[in-house]
Amino acid sequence: MQPSPESTPYFKLGQRVHSAGDPRRIGTVRYLGPVEGYSGTWVGVDWDNRDGKHDGSLNGVNYFQATSQTSASFVRPHNLSSGISFLQALELRYRGQTTQEEEYEMYVLSASNKRVSVELVGKEKIQDKLSCFEELTSASTSYLGVSSPGDPCEIGAVVPNLKELDLTGNLISEWKDVGTICEQLPDLVALNLSCNLMSDDIVGLPPLKSIRILVLNNVGINWTLVEVLKHSLPAIEELHLMANHISTIKPTSSSIVQGFDYLRLLNLDDNCITDWNEILKLSQLPSLEQLHLNNNNLNNVFYPDAGVMLELLNGHESHEKGYKAFQNLRCLLLGGNIIKDPSSIDALNSFPQLVDVRLSGNPVADPGQGGTPRFVLVARLGKVEMLNGSEITSRERKESEIRYVRLVMSKHGNIQEIKLLHSRFAELKALHGIEDEKPLAGGAGPQKMATGLLSVTLKCVGASMGEKPSLVKKLPGTTTVGKLKILCESFFKLKSMKLKLFLQEEGSPLPMLLDDEMENLTDLGIGNESTILVDEES
């Protein structure tokens, strides 16, 4: 059914609205007019959180096409709000009184599970300070239904010193409205527009010369629009583009992304990028130090050789000047992707300045999926100082590298195979003075398997095991996990209890389960002074 040509006094097609009384329930007007079988005028809304009742069809009549099967509903006009101005939202948040409902929600539970009201000490002083708008340097009007700037002449007069502004989850969709607000705030350096469904047409947006940080998470933007937007962001240093379904990087005038001369941090987490070649288009951003690519669908990483760069740059001036790919990149976050190949880990050594890496959530870094434990990652990544959010200490690096060499020597006899699969093996073997006799970790100078025994700390952690002191035992490197379980039953007098063992590694947030009973301590890379946790099967 076609929308009625008669518009309601309040709404129009494509307008962003929220449910009256609930500014967090936001949607887009897709239909205005009658609904068969019901009297009066109705507004068809496609809700962002998909908590509607149908897909835009009702009783066999299609009124509009919603984004999902249950994201649409018909609402009476008086049950919707078209929003308020930015200035009204400031008044509401910083000068409005706390409602009885809000105060009722401020409580803690006592030991007897009863509500105990919380009273904020100094609440009046805080409110008085926040209500002095001219002193505000940071403000948030998130989820207040902001749909327009208000009187532009008043914005600069009301909050003249504003430096940070959070507009998350409002009804703003036009870039010209963003420009109006920013033009009146000359000191504004950080702007968050997340969860506003922004228009595809970037019109009326003046240069935002003071903006250094811009957050555009979940706003429906693609890279083509980013290329247009960059001309209004001459000083941008941080750009956050999470959850925008970006799958390709499409530069406008060449094969690589240009401009963004001062961009230090680019956040592309939670998008849909599958091909590392798309990421290479960012390789010539001159100031890029941090690149966030968590939770995409990347399956490999490689550092481009001269041939790849020649093809990519194709006569661009950065090639003529001999710029390296990602020449200033120090932090690369790759968590939650589908990287499986260890060669992707080795490739990270080629990034000139890379010292901070996240690989958690990838098969290659998950021992439970056949990936490698933390100590192997540390050993293979020669320059990395921070791994998965944990600092790599000098002690952890030394022990990891020695364990790694021992592990490789125990599993590979062919030196050519070792060179092919383990690029740092020879370097680490020489660095730590390890000889060809399956050496052990610990001690200075050449590592020799003098006694054939490993010093291992065994620690009971099972809830029903009782308090038992930790034991330090010397065990042959050939001891299997299955044999060690039997020994632990004897050491700790744990008869008739089924055990599971974990290796506790320095810097790793979770211990590694030792689930293959046939593997021995040497094959697992367990070295001197390792700690093994003894738990019970649940």
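How much of the area that the protein exposes do carbon and sulfur atoms supply? With the whole surface on display, you are looking at about 26700 Å², and carbon and sulfur atoms supply 50% of it. Keep in mind that this is a predicted model.

**The whole chain.** Switch to a cartoon view to find 15 helices and 27 strands. Of the 538 residues, 47% count as buried. Show contacts between residues at least 6 apart in sequence, and 67% of them join residues at least 24 apart.

**Colour by confidence.** The average pLDDT is 87, and 87% of the residues score at least 70. Now select residues 438–451, where the pLDDT is below 50. This stretch still has 35 contacts in the model beyond near neighbours in sequence. Where pLDDT is low, the predicted coordinates should not be read in detail.

**Strand E1, residues 16–19.** Show the side chains here. Arg-16 and His-18 lie on one side, Val-17 and Ser-19 on the other, and all are buried, so both faces of the strand are covered under the 20% cut-off for relative accessible area. Next, add strand E2 (residues 22–35), which runs antiparallel to E1 and is joined to it by four bridges. Look across from Val-17 to see its bridge partner in E2, Gly-27. In the hairpin, two residues sit between the strands, and Gly-21 takes a positive phi near 85°. Then add strand E7 (residues 80–81), also antiparallel to E1 and joined to it by two bridges. Here the partner of Ser-19 is Leu-80.

**Helix H1, residues 86–94.** Which residues of H1 are buried? They are Phe-86, Leu-87, Ala-89, Leu-90 and Tyr-94. Turn the view to look down the axis: these buried residues fall within an arc of 155°, so they line one face of the helix.

**Aromatic rings.** The structure holds eight aromatic pairs. Select Tyr-31 and Phe-74, an edge-to-face pair with 6.0 Å centre to centre and 80° between the planes. Tyr-31 lies in E2 and Phe-74 in strand E6 (residues 72–75), so the pair ties together parts 43 residues apart in sequence. Tyr-31 is buried at 0% relative accessibility, and Phe-74 is buried at 14%.

Back at H1, Tyr-94 forms an edge-to-face pair with Phe-133, at 6.4 Å centre to centre and 85° between the planes. Phe-133 is in the loop between helix H3 (123–130) and strand E11 (138–140), so this pair ties together parts 39 residues apart in sequence.

For a last stop, select Tyr-31, Tyr-63, Phe-64 and Phe-74 together: ring pairs link them into a cluster.

Definitions and conventions. Residues numbered from 1 in each chain as written. Heavy atoms only, no water. Buried < 20%, exposed > 50% of the residue type's maximum accessible area, 1.4 Å probe, protein only. Contact = heavy atoms within 4.5 Å. Areas by Shrake-Rupley, 256 points an atom, 1.4 Å probe, with all protein chains shown as cover. Pairing = 2+ DSSP bridges. Arc of directions from axis to C-beta. pLDDT = per-residue confidence, 0-100. Phe/Tyr/Trp six-rings, centres within 6.5 Å; stacked < 30°, edge-to-face > 60°.
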